[in-house]
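Reader: I'm new to reading structures, and I keep stumbling over the labels. Can we go through a few of them together?

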Amino acid sequence: MSITYNQENQVFSIQTANSSYQMKVSRHGHLLHLYYGKKISDEDVSWLIPNVVRSHESNPPEAQRDRVYSLCALPQEFSSNDAGDYRIPSLEVVNADGSYAFVGKYRSHKIYQGKYRLSLLPTLYAKEEENAETLEIILEDEITHVSVKLLYGVFYDRDVITRAVVLRNGADSPIYLKRIMSASLDFMEGNYDLIGFFGHHYFERQMDRRPLSHGISELGSFRGVSGHFHNPFAILCDRNAGEDSGSAYGFLLMYSGNFVFDAEVDGYSQTRVAMGIHPKQFDFFVDSGECFEAPEVVMAFSEQGFSKLSHCYHDIFRENACESRFVNEDRPIVINSWEPFRFDFDSEKLLKTAEISKKLGADMFVLDDGWFGARDDETAGLGDWVANEKKLPGGIEALAQKIHALGMQFGLWFEPEMVNEDSDLYRAHPDWCLRVPKRAPSRSRHQLCLDLSRPDVCEHLIEAVNSILDTGCVDYVKWDYNRYVCDVYSQYYAPEKQGEIYHRYILGLYRILDGIIKTHPDILFEGCSGGGGRFDGAMLTYFPQIWCSDNTDAPSRLTIQYGTSFAYPVISMGAHVSVCPNKKTGRSVPWKTRAVTAMHGTFGYELDPAKMSEEELAECAAYSDFYRRHRKLIRQGDYYRLSSPYDDSIFTAWQFVSKDKAESLVCVVTESISIMDKNSYVRLRGLEKEAFYEVAQTGKVHSGAALMNIGILLSDSQPQYSAFVYELKKV
Ligand code: GLA
């Protein structure tokens with residue numbers, strides 16, 4: 001049993017293989033959060049709460065003369081509002097009488113086998129054979145009868161606990177929901193670092209570590225998407241935590257829209273963290289008897305630093321997120337038309353490219369933007385998902401047939417959520433996009449955002465995309481989304497419902513993805529949003545892989561892929577080899593460096609093979625073969641960051657180790673020229689100490705202990721941005 005309830009002291013204990021979590025119903029019915037961290041027994045640890053009077057603080061009426069009982073000094077599991085706890089609240093509602101008060105008191109609970117699901121939002125799921133349990137606790141406000149069902153999903157072996165909340169309006173009148181955090185956690189002390197992953201288009205998920213200090217630190221997105229700017233993933237850790245030491249907590253929101261992660265250190269140096277939908281412009285009407293679901297947070301704890309924490313997330317996202325069969329299959333090596341051709345192509349050019357790209361070892365040809373409507377540049381055509389017969393006589397089916405006849409698979413790009421004003425769709429339905437009445441909408445990349453809060457728009461998009469996919473000629477879809485949202489107003493809803501649109505958009509998106517992806521189990525879907533603008537856990541329940549960044553420059557990819565790897569498995573990152581000088585950065589690095597860097601994910605090409613020499617084609621074909629040989633290990637193995645691209649280390653290195661530790665692949669890119677002046681060793685990780693491994697590239701055999709404690713000597717004199725790989729096999 002991973003979840004127990006001790007009736008006598010009203011303590012809930014959750015155990016995973018290496019962590020414990022504890023809550024207790026207080027003598028006045030508040031649910032206290034007592035503990036989350038290293039493994040302890042189920043004993044009641046409420047003694048950790050100091051028995052001191054906090055002067056000036058309020059005491060709830062039921063505490064009567066007890067000055068010690070203050071909500072602001074007690075660790076809360078789901079905090080109250082306007083009742084004397086001044087830290088960031090879990091919930092803010094406006095009740096029918098205009099008051100903001102909410103005080104949740106324990107009502108009941110349920111424990112059952114298996115993992116809960118939400119009805120409108122994506123969540124992790126448990127397989128039947130897995131050791132997963134659910135705890136539901138209901139807290140209710142005794143006066144208003146607004147209640148919250150706190151959901152806990154426990155994956156014992158994976159050291160993961162998920163949380164979600166379902167609010168129910170049990171009052172006779174409607175309420176307005178202004179803020180609902182999916183998870184909030186109180187720590188009695190505060191001496192943590194906060195790690196977030198910030199960035200922008202072309203520069204996603206850069207690691208940012210800062211010591212928490214008094215006040216509120218906030219990460220979040222208000223762009224309508226989880227976004228390039230901050231990722232909905234944060235780590236709270238010991239000040240000295242590193243890759244393999246120190247305690248680290250991960251918080252990951254399964255949501256693709258606006259989000260917030262707050263960490264507050266109060267005047268008593270207590271720390272509260274809270275994560276959920278961003279409360280800005282969020283104002284949800286919940287009628288009497290209705291419910292509202294808040295998205296899931298995936299929490300993991302590691303007492304052995306970040307590698308262990310990442311392994312928890314990698315394993316759970318590989319096994320318990322996406323139900324597509326492709327999750328467990330080797331992914332095709334794709335060649336994509338975007339970087340080489342943009343909008344300038346016709347069938348003949350595409351077929352020639354597909355034909356030559358076989359020499360590169362590509363398995364699949366992907367036709368990117370520009371194949372539909374009047375789409376000759378960024379200003380027109382979005383929304384018209386019908387093939388442009390001038391470029392593609394006979395349409396998509398005819399082209400797909402010819403690609404298939406070459407022995408290659410065929411993939412196609414869509415950006416269903418967007419529309420150009422210069423499109424048949426917009427001309428027919430100008431009211432189908434988000435825009436504020438009487439104001440001209442802001443364009444981005446000359447496009448407007450369709451109003452996915454409208455059921456009619458969702459149904460249209462499902463039908464439009466499915467009409468192409470139902471022909472059965474498409475093997476892969478790249479699903480793009482290329483702007484942030486603003487002018488958030490839906491003509492479909494009444495003025496007082498406009499605070500719901502951001503969230504309703506995301507519900508509409510999931511509805512569409514369900515209607516398209518789940519009805520095409522034999523198509524591999526890749527997510528994309530101007531590269532990695534919507535790289536989040538909820539997307540990974542639909543897309544086994546996501547295009548990691550529009551920046552294909554290998555040295556830039558080192559930090560992007562490094563940051564992404566803290567939460568997301570390497571196999572979920574789309575990574576391609578492109579031409580040099582790189583179109584974005586102007587930098588030139590050898591083919592090998594580009595290929596080794598692109599093997600940090602689902603490998604592919606983004607170039608015109610007709611412009612490559614026979615030698616270059618042969619060199620790249622060898623990299624494709626190399627990837628093909630190792631793609632199972634890359635997909636399934638444990639991943640280790642061997643060095644940080646932010647340190648002044650002279651190289652960035654990473655390693656894959658098979659679960660049985662019998663084989664390993666080590667990849668290194670030198671970042672400075674001092675490899676020629678300074679002896680450099682790449683220390684490996686995750687091997688069996690006593691076992692011996694043969695390193696194919698040196699022909700030498702070393703013990704796991706020597707490889708991990710001394711390392712592999714980088715001895716070639718090679719310039720900056722050279723790449724090395726080492727294949728290890730246990731002998
Ligand atoms: C986005 C994607 C690119 C490409 C273009 C096409 O920027 O990230 O890979 O598909 O759109 O317009």
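Author: Happy to. Let's begin with a cut-off: a residue is called buried if its relative accessible area is under 20%, exposed if that area is over 50%, and partly exposed in between. Keep in mind that this is a predicted model.

Reader: Okay, so why is cysteine 322 called buried?

Author: Its relative accessible area is 5%. The limit for buried is under 20%, so cysteine 322 makes the cut at 5%.

Reader: And what makes cysteine 620 buried?

Author: Here the relative accessible area is 1%, so cysteine 620 counts as buried by that rule too.

Reader: Why is histidine 404 called partly exposed?

Author: Histidine 404 has 32% relative accessibility. Buried needs under 20% and exposed needs over 50%, so 32% puts histidine 404 in between.

Reader: Where does histidine 404 sit, and what is it in contact with?

Author: Histidine 404 belongs to helix H4, which covers residues 395-405. Leaving aside neighbours within four places in sequence, histidine 404 is in contact with Gln409, Phe410, Cys473 and Asp475. Valine 474 is 70 residues away in sequence, yet C-alpha to C-alpha the two are 9.8 Å apart in space.

Reader: Which residues of H4 are buried, and what covers them?

Author: The buried ones are Gly395, Ile396, Ala398, Leu399, Ala400 and Ile403. Their cover includes helix H3 (347-360), strand S21 (364-367), strand S22 (409-414) and helix H6 (455-469). After H4 comes glycine 407, with a positive phi near 85°.

Reader: Back to the cysteines: how do you know that cysteine 620 has no bond to cysteine 580?

Author: A disulfide is a covalent bond between the sulfur atoms of two cysteines. To count as one, the sulfurs must be within 2.5 Å. The closest cysteine sulfur to that of cysteine 620 is in cysteine 580, 11 Å away, so that is too far for a bond.

Reader: How many disulfides does the whole structure have?

Author: Zero, according to a search of the whole structure. Cysteine 322 is in none either: its nearest cysteine sulfur, in cysteine 528, is 17 Å away.

Reader: What makes the contact between the ligand and aspartate 369 a polar one?

Author: The cut-off for a pair of N or O atoms is 3.5 Å. A ligand oxygen lies 2.7 Å from a side-chain N or O atom of aspartate 369, so the pair qualifies. Lysine 478 also has a side-chain N or O atom 2.7 Å from a ligand oxygen. The protein covers 96% of the 300 Å² of accessible area that the ligand has on its own.

Conventions:
Residues are numbered from 1 along each chain as its sequence is written. This is a predicted model: local features need pLDDT of at least 70, side-chain atom pairs count only at pLDDT 80 or more; totals for chains, interfaces and linings use all residues. Side-chain values use heavy atoms; hydrogens and water are left out. Helices (H or I, at least four residues) and strands (E, at least two) are DSSP runs, numbered from the N terminus. Buried means under 20% relative accessible area, exposed over 50%, partly exposed in between (1.4 Å probe, protein chains only). Contact means heavy atoms within 4.5 Å. A polar contact is a pair of N or O atoms within 3.5 Å; within protein, one must be able to donate a hydrogen and the other to accept it, and residues adjacent in sequence count only if both atoms are side-chain atoms. Accessible areas come from the Shrake-Rupley method with a 1.4 Å probe; for residues, only the protein chains shown count as cover.
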